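Thank you all for coming; I would like to take a few minutes to walk through one structure, beginning with its cysteines and ending with one residue in a strand. Please have the sequence and the model open while I talk.

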There are 2 protein chains.
Amino acid sequence: MNILYDERLDGPLPEVNKAELLKSLQQALPDLDILWREDELKPYECDGLSAYRTTPMLVVLPRRLEQVQTLLRLCHEHHIPVVARGAGTGLSGGALPLEKGVLLVMARFNNILHIDSAARTARVQPGVRNLAISQAAAPFGLYYAPDPSSQIACSIGGNVAENAGGVHCLKYGLTVHNLLKIEVLTIEGERLTLGSEALDSPGFDLLALFTGSEGLLGIITEVTVKLLPRPQVAKVLLGSFDSVEKAGRAVADIIAAGIIPGGLEMMDNLAIRAAEDFIHAGYPVDAEAILLCELDGVEADVHDDCQRVREVMTRAGASEVRQARDEAERVRFWAGRKNAFPAIGRLSPDYYCMDGTIPRRELPAVLQGIARLGEEYGLRVANVFHAGDGNMHPLILFDANQPGELHRAEALGGKILELCVQVGGSITGEHGVGREKINQMCAQFNSDELLLFHAVKAAFDPQGLLNPGKNIPTLHRCAEFGAMHIHAGQLPFPELERF
Amino acid sequence: MNILYDERLDGPLPEVNKAELLKSLQQALPDLDILWREDELKPYECDGLSAYRTTPMLVVLPRRLEQVQTLLRLCHEHHIPVVARGAGTGLSGGALPLEKGVLLVMARFNNILHIDSAARTARVQPGVRNLAISQAAAPFGLYYAPDPSSQIACSIGGNVAENAGGVHCLKYGLTVHNLLKIEVLTIEGERLTLGSEALDSPGFDLLALFTGSEGLLGIITEVTVKLLPRPQVAKVLLGSFDSVEKAGRAVADIIAAGIIPGGLEMMDNLAIRAAEDFIHAGYPVDAEAILLCELDGVEADVHDDCQRVREVMTRAGASEVRQARDEAERVRFWAGRKNAFPAIGRLSPDYYCMDGTIPRRELPAVLQGIARLGEEYGLRVANVFHAGDGNMHPLILFDANQPGELHRAEALGGKILELCVQVGGSITGEHGVGREKINQMCAQFNSDELLLFHAVKAAFDPQGLLNPGKNIPTLHRCAEFGAMHIHAGQLPFPELERF
């Protein structure tokens, strides 16, 4: 799926002699675990976006801060690029290694340092798994809200680097909204504290700047997150619709009614049938779309909101609205949703998962636009996504063994993201830009904006050693890629008809 | 109150010929309103922090974006510093003009451009008053949550520049948490869009970086904020305590119990008596401290939470907990709090309002530390503040006509802020750094962190023309000021005794 990416567009990387580097590292850090043999490097050649693969020059697995500090100073001195990696579950190739760079694996920094139940905070090392934080907080009745689908495996350091989301972001915000403080190392090995345990921190908000910066500004070495009290109850409603447009309308109406669900997810017919066939969740296989709406909080509040959501869905044209009768059915409803990606994987040899966000009011129009683009490119597209916050995950089905299909899938994906930009949305919701969407960044931002990103990058890393070729495209790349910056509503998209 | 500020520490500003500049401006922008006569300039010589005064060289009052753009290009070309000003209600001298600079007043950009009730957003010009947004949203049952005490007068552009807070920040967040998108102009007159209407925006989070940057990075020309549905009901409890420590403990316990009040405010005896004498709110004048705790949301939820807060306050040692019997009493309870500053103004010829934040668990210790510092400096300190989010507003009472008192008040204020930093807090919660607290920034940040701020600043404004001498101190200033960076818990403060 690497067709549209051409690393020459990002300029040449420095020439590095692997043997010499290895020797320097071993001398400077005799107790550091370094992987350098071909067979040892193999497991690190991709992250969760397995279509992109590169063998790293070296992999290092430090356990102590001082090791990371010395490593960074050494790489800085010798102009060697460094790519940081957490658990390697990212979906945009943000932790994809470089042939001429060091892959810095932070997985062994996996200690929970402190849970402060009174302040409702957790201070942890970056390699701690997302779910492990909630597990450690559970005895206090607390949890960490952002819940990416990979939460069993993904690490909090990677969550911060990608500003990860999840099913509950609509109500509880992205990673950036649930952070208090991080400790980082610059490429020169300097320790910085960004944010504070207090409400606000003076000076520029470097904590927010760092969150989602995808390893381009520094290495995260410690994270302090906010914890929330577990909601008393959670109920799920399943609404069935005979068109995706009606379901899209219901989403907009639920939000407009002032209800903030814990989760609000949509699946279209292709996704419904795939999931039902795989999980037997009890989904209506004839529906063109379903909405799963979870309401959480205190009993009385949830009861009232369930009534209101039922009414709104019905008014928007739902043919049926069912409330999960018990906890077992609630879990089954969610299991279908959470396994929708692998379920669709059973329908097609390959699929390509997109991650665009749009203003909620554009949902019906964009869903229709995607259907038309799918027809035009001759590929099926399934839709399973966080409808409540407008974060879409169109899944493009294709067969890489059919000549041209891989290329068509990638081109269709690019078109869908550009459609998102055109209606005022963005090319990523929670998966990040990484290497995968670096070309679409040329559509999202104009050259003044990109130059500003480069200037900010240079403030932290003037030599461009941290994760080069990811997140922020060079102007050269944008010129070669030929993408024009798209202003919302500016270019006419024939695919887009307003209702 | 300008004793500790010495502008020579920030390096010389460029020499500007006022007559020439005026001529250039009049030629380039014949329809721009420019004030240049001494008597016209007078009203602009300070902002809400009236102790600092400087007469601006010129004041410009543009009405159209193109005027601002041309002005900035001209200032950039001639190396003329520009200070932006909204309504001039800021409390840290962030909009204090420069003798050798242009004061750019954005007050005439005061149109509400669009209220989208379905998306729950408002798109407004930067000069729109904070309260005007909620008024315009009211017909849709919506409001804009952040509510600085100056909300009748302060402008949303200034709110963004200072990352303003208010009584309801504990539950609803600061300005940065309620923003979607801003349009800005760089010092070179380039238009940038930061953020988007979608959930997340790729690339670096420049929207958050810009928020609270106090006019150092660019000029805000448009703001899109999130709106919230009005809560169904709001109730207020008033708890009386025989010590500030017990009240501080109750605050920590309320939060630890998983309750998130709409507002949670503390007043100490000096403040209680002053407010009661002025407003007749019905406060217990013998109490050493009171807590005002507002709970808002749906009826049943608020009812339950009121019970729980009452129990928590009682367990923490409250001598009495009263619930406002009706809306009239609720309003009266708040009127006392909102008028506490002018009320205290009646006790003393002068007062100096501080704005530090601390982790909530440190409230009892810091309140005792402040009392000891007050004794040491021989000055009375009243405490009225947003206890729930640890945002303190100690008010130092003094008489500027008594020799040495002004200086003592300023020195005591500095000590209090350093105490906040020492316990892991910060030197500002919602008032910003501006000119007032620029020296304390040397205590808050180390030189690596300050250098990074300067590098980020240079990414936007390499010549340093936007609001020089505010927010981020030069390293030269920190060296001259002699302040050491304080690590939380590092330096022993004799004032601080842990309980």
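Let me begin with a question: which two cysteines of chain B form a disulfide, and how far apart are their sulfur atoms? They are B:Cys442 and B:Cys478, with the two sulfurs 2.1 Å apart, and I should say at once that this is a predicted model, so please hear every value as a computed one. In sequence the two partners sit 36 residues apart, B:Cys442 in helix H15 of chain B and B:Cys478 in helix H17, residues 475–481, so that the pair links distant parts of the chain. The disulfide is left-handed, because the torsion about the S-S bond of B:Cys442 and B:Cys478 is about -80°. As for their surroundings, B:Cys442 has a relative accessible area of 2% and is therefore buried, and B:Cys478, with a relative accessible area of 9%, is buried as well.

Over all chains the structure holds two disulfides, and the other one to look at is in chain A, where A:Cys442 is joined to A:Cys478 with an S to S distance of 2.1 Å. Here A:Cys442 belongs to helix H15 of chain A, residues 441–444, while A:Cys478 belongs to helix H17 of that chain, residues 475–481, and 36 residues separate them. This link is left-handed, with -80° about the S-S bond, and both A:Cys442 and A:Cys478 are buried.

Why is A:Cys353 not bonded to A:Cys420? The sulfur of A:Cys420 is the closest cysteine sulfur to that of A:Cys353, but it lies 12 Å away, which is too far for a bond. A:Cys353 counts as buried because its relative accessibility is 18%, and the cut-off for that class is under 20%. In chain B, B:Cys154 is in no disulfide, the nearest cysteine sulfur being that of B:Cys169 at 12 Å, and B:Cys154 is buried, with a relative accessible area of 3%.

Let me turn now to the interface. Chain B and chain A bury about 5,300 Å² between them, and 64% of that area is on carbon and sulfur atoms; the contact takes 67 residues from chain B and 67 residues from chain A. Two salt bridges are counted between the chains, and one of them brings together the side chains of B:Glu197 and A:Arg361, at 3.3 Å from N to O. Seven residue pairs are found in polar contact across this interface. Among the elements that give two or more residues to the side of chain B that touches chain A are strand S9 (191–195), helix H8 (244–256) and helix H10 (299–315) of chain B, but H16(B) gives the most, with nine residues. By class, that side of chain B has 33 nonpolar, 20 polar and 14 charged residues.

Finally, what surrounds A:Ile182 once its neighbours within four places in sequence are left aside? This residue lies in strand S8 of chain A, residues 179–185, and it counts as buried because its relative accessibility is 0%. Its contacts include A:Val160, A:Leu192, A:Leu194, A:Leu207, A:Phe210 and A:Val223, and also A:Thr193 and A:Glu222. A:Ser201, for its part, is 19 residues from A:Ile182 in sequence and 12 Å from it in space, C-alpha to C-alpha.

Technical notes. Residues numbered from 1 in each chain as written. Chains lettered and ligands numbered in written order. Predicted model: local features only at pLDDT ≥ 70, side-chain atom pairs only at ≥ 80, totals over all residues. Heavy atoms only, no water. Contact = heavy atoms within 4.5 Å. Buried area = accessible area lost by both parts, 1.4 Å probe. Salt bridge = Lys/Arg side-chain N within 4 Å of Asp/Glu carboxyl O. Polar contact = N/O pair within 3.5 Å; in protein donor to acceptor, adjacent residues only side chain to side chain. Helix = DSSP H or I, 4+ residues; strand = E, 2+ residues; numbered from the N terminus. Nonpolar A, V, L, I, M, F, W, Y, C, P; charged D, E, K, R; others polar. Disulfide = S-S within 2.5 Å. Buried < 20%, exposed > 50% of the residue type's maximum accessible area, 1.4 Å probe, protein only.
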